[in-house]
Amino acid sequence: MSSEMSRRPAVRDAAEAAVPAALADLGRLVRIPSIAFPGFDRADVERSADAVKALLDDLGIFDRVEVKTAVVPETGAEGMPAVLASRAARAGRPTILLYAHHDVQPVGDEELWESPPFEPTVRGGRLYGRGAADDKAGVMAHVGALRALTSALGTDFDLGVNLFIEGEEEAGSASFAQFLSDNADALRADVIVVADSGNWDAVTPALTVSLRGNARFTLTVRTLEHASHSGMFGGAVPDAMLATVKLLSTLWDDDGAVAVAGLTARDAATPDYSEETLRDEAGLPAGVSPIGRGTILSRIWNTASITVTGIDAPSVKNASNTLSPEVSVVISMRVAPGQPAREAYAALEAHLRAHAPFGAELTFTDVDCGDAFLVDTSGPAVAAARAALEEGYGVPAVDIGVGGSIPFIADLVREFPESQILVTGVEDPHARAHSPNESLHLDTFRHALVSEALLLEQLDTQTLRDA
């Protein structure tokens, strides 16, 4: 057996052996509450970045490893700390950029957690904790795969490797585009792996080939100059809550499908996916029906959706016999692949203005848009990734769409138009990312780490013409 043929089994064995240490390090990362949202302690995000830097330093393969920030262009504020590592390619080999993020979502209501959110806990073959799946597991899949590669091949392999571990993805990646611009030379790569998506199920790997875009904003509805007594004026004066409820109800038809003119849908086939599976994975009770029309996955992957994710109005506890003068809501729209997010937002804003009841005054603020993403599946890196996933998981990979959004991928496409972008992940449908009791399926993590190590090994045998 040639050395080239024998090294792949060695990399696989090293990857399997690297899993326990990777999980131990993942537990240490999960213990750091690295929430990058306003109002949370920035020091925790900095501590998390330092911990990731230490892991990369210990690999001993990089020309440099740095904790860096960029300025948010709109505000001039300093962004959250990211970790950047780079290693130059040799002998005509390609360079791969590995992306993940070390910041996490807020925990929400801690009473809904079955174990403390920042105390990693293993139950039923899953590791529970905030960030255990999204996306500190992505960080450790990269680190574990690189450990396996160096264990099997030594530190003198020829593949170029860059790592970008972001610190503010969950909070909106406000400084992402500027960071790319500031560090373009250190990040440039032939292949980019974004480890921030999911798999078909706990045993079947997936390559994400489409993502919806997003448009998120705050809508304020005003009907009165000040609060008024509901007994004295109710029945003649429209309160802001009445106007808001009537306005929001125009966004969907009786089936729950979006009813906004100017929004497009992507015409693409979807795999079989039953209502029973939807109920199991989404937690949909037996008495509640799904919404929309068409196949279930076409509704999630290929069409727009609109969700009211927050509301500022008098609470139940503080309710009084008052006509509210003003109500604010946060609206989150997912945009079908193929439609620019700004175009979709303009259509939604126009709809709301046209349907404002009783002449209610509307104000739109905090508008944030991110474009959808479609993968060119013809590139050799996609074929290499599919092969590595099948070998690592033991079953063929599935090409999937994802109803969620990763807006910064549009920034990657703009900054590195020649790069082949692969969107992978370690989550399964029961990971509950962003929700209480977030968890990582341990076997899925093991397979993901092995698959990535095998992908790195394959790229290390290719020339730039092949990659």
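**Figure 1. A salt bridge within helix α12 of the predicted model.** Arg414 is exposed, with a relative accessible area of 54%. That value is over the 50% that marks an exposed residue. Its salt-bridge partner is Asp411, and the closest N and O atoms are 2.4 Å apart. Asp411, at 16% relative accessibility, counts as buried. The cut-off for buried is under 20%. Both Arg414 and Asp411 belong to helix α12, which covers residues 408–415. They sit three residues apart, about one turn of the helix. Elsewhere, salt bridges that share partners join Arg7, Arg8, Glu391, Glu457 and Asp460 into one network. The count of salt bridges comes to 27.

**Figure 2. A buried salt bridge between Glu438 and Arg130.** The two side chains meet at 2.7 Å, N to O. The pair links distant parts of the chain, 308 residues apart. Glu438 lies in the loop between β17 and β18. Arg130 lies in the loop between β5 and α3, a helix of residues 136–153. How accessible is Glu438? Glu438 is buried, with a relative accessible area of 1%. Arg130 is buried too, with a relative accessible area of 1%.

**Figure 3. The surroundings of Asn437.** Asn437 is placed in the loop between β17 (420–427) and β18 (439–441). At 7% relative accessibility, Asn437 counts as buried. Its side chain makes polar contacts with the backbone. One reaches the backbone oxygen of Leu112 at 2.9 Å. In another, a polar atom of the Asn437 side chain lies 2.7 Å from the backbone nitrogen of Glu114. Leu112 and Glu114 are also among the residues that Asn437 touches, residues up to four places away in sequence not being counted. The others in that list are Trp113, Ser115, Arg123, Tyr128, Ala431 and Arg432.

**Figure 4. An open sheet of three strands, with a helix across it.** The strand order is β4-β5-β18, and the pairing is antiparallel. β4 (121–123) and β18 stand at the edges. Each has a single partner strand, so one side of each is left without a neighbour in the sheet. Neighbouring strands of this sheet are turned by 25 degrees against each other on average, direction ignored. β4 pairs with β5 (residues 126–128) over three bridges, in the antiparallel sense. In this pairing, Thr121 stands opposite Tyr128 in β5. Tyr128 is also one of the residues touched by Asn437. Helix α13, residues 442–459, lies across β4, β5 and β18. Relative to β18, the helix runs at about 65 degrees.

**Figure 5. Strand β6 and its partners β2 and β3.** β6 spans residues 160–166 and is mostly covered. Seven of its seven residues are buried. In a regular strand the side chains alternate between the two faces of the sheet. Which residues of β6 point one way, and which the other way? Gly160, Asn162, Phe164 and Glu166 point one way. Val161, Leu163 and Ile165 point the other way. The residues on both sides are buried. Strand β2, residues 82–87, is joined to β6 by five bridges and runs antiparallel to it. Here Ser86 has Asn162 as its bridge partner in β6. Strand β3, residues 95–101, pairs with β6 in the parallel sense over seven bridges. Here Ile96 has Val161 as its bridge partner in β6.

**Figure 6. Helix α2 and a salt bridge from Arg42 to Glu78.** The side chains of Arg42 and Glu78 meet at 3.5 Å, N to O. Arg42 lies in helix α2, and Glu78 in the loop between β1 (64–68) and β2, so the pair ties together parts that are 36 residues apart in sequence. Arg42 is partly exposed, with a relative accessible area of 22%. Ala43 also lies in helix α2, which runs over residues 42–59. Is Ala43 buried, exposed or partly exposed? Ala43 is partly exposed, at a relative accessible area of 37%. From Ala43 to Pro33 the distance is 9.7 Å, C-alpha to C-alpha. In sequence, Ala43 and Pro33 are 10 residues apart.

Definitions and conventions. Residues are numbered from 1 along each chain as its sequence is written. This is a predicted model: local features need pLDDT of at least 70, side-chain atom pairs count only at pLDDT 80 or more; totals for chains, interfaces and linings use all residues. Side-chain values use heavy atoms; hydrogens and water are left out. Helices (H or I, at least four residues) and strands (E, at least two) are DSSP runs, numbered from the N terminus. Buried means under 20% relative accessible area, exposed over 50%, partly exposed in between (1.4 Å probe, protein chains only). A polar contact is a pair of N or O atoms within 3.5 Å; within protein, one must be able to donate a hydrogen and the other to accept it, and residues adjacent in sequence count only if both atoms are side-chain atoms. Contact means heavy atoms within 4.5 Å. Two strands pair if DSSP finds at least two bridges between them. Axes are lines fitted to C-alpha atoms, for helices over the stretch in contact, and angles run from 0 to 180 degrees between N-to-C directions. A salt bridge is a side-chain nitrogen of Lys or Arg within 4 Å of a carboxyl oxygen of Asp or Glu.
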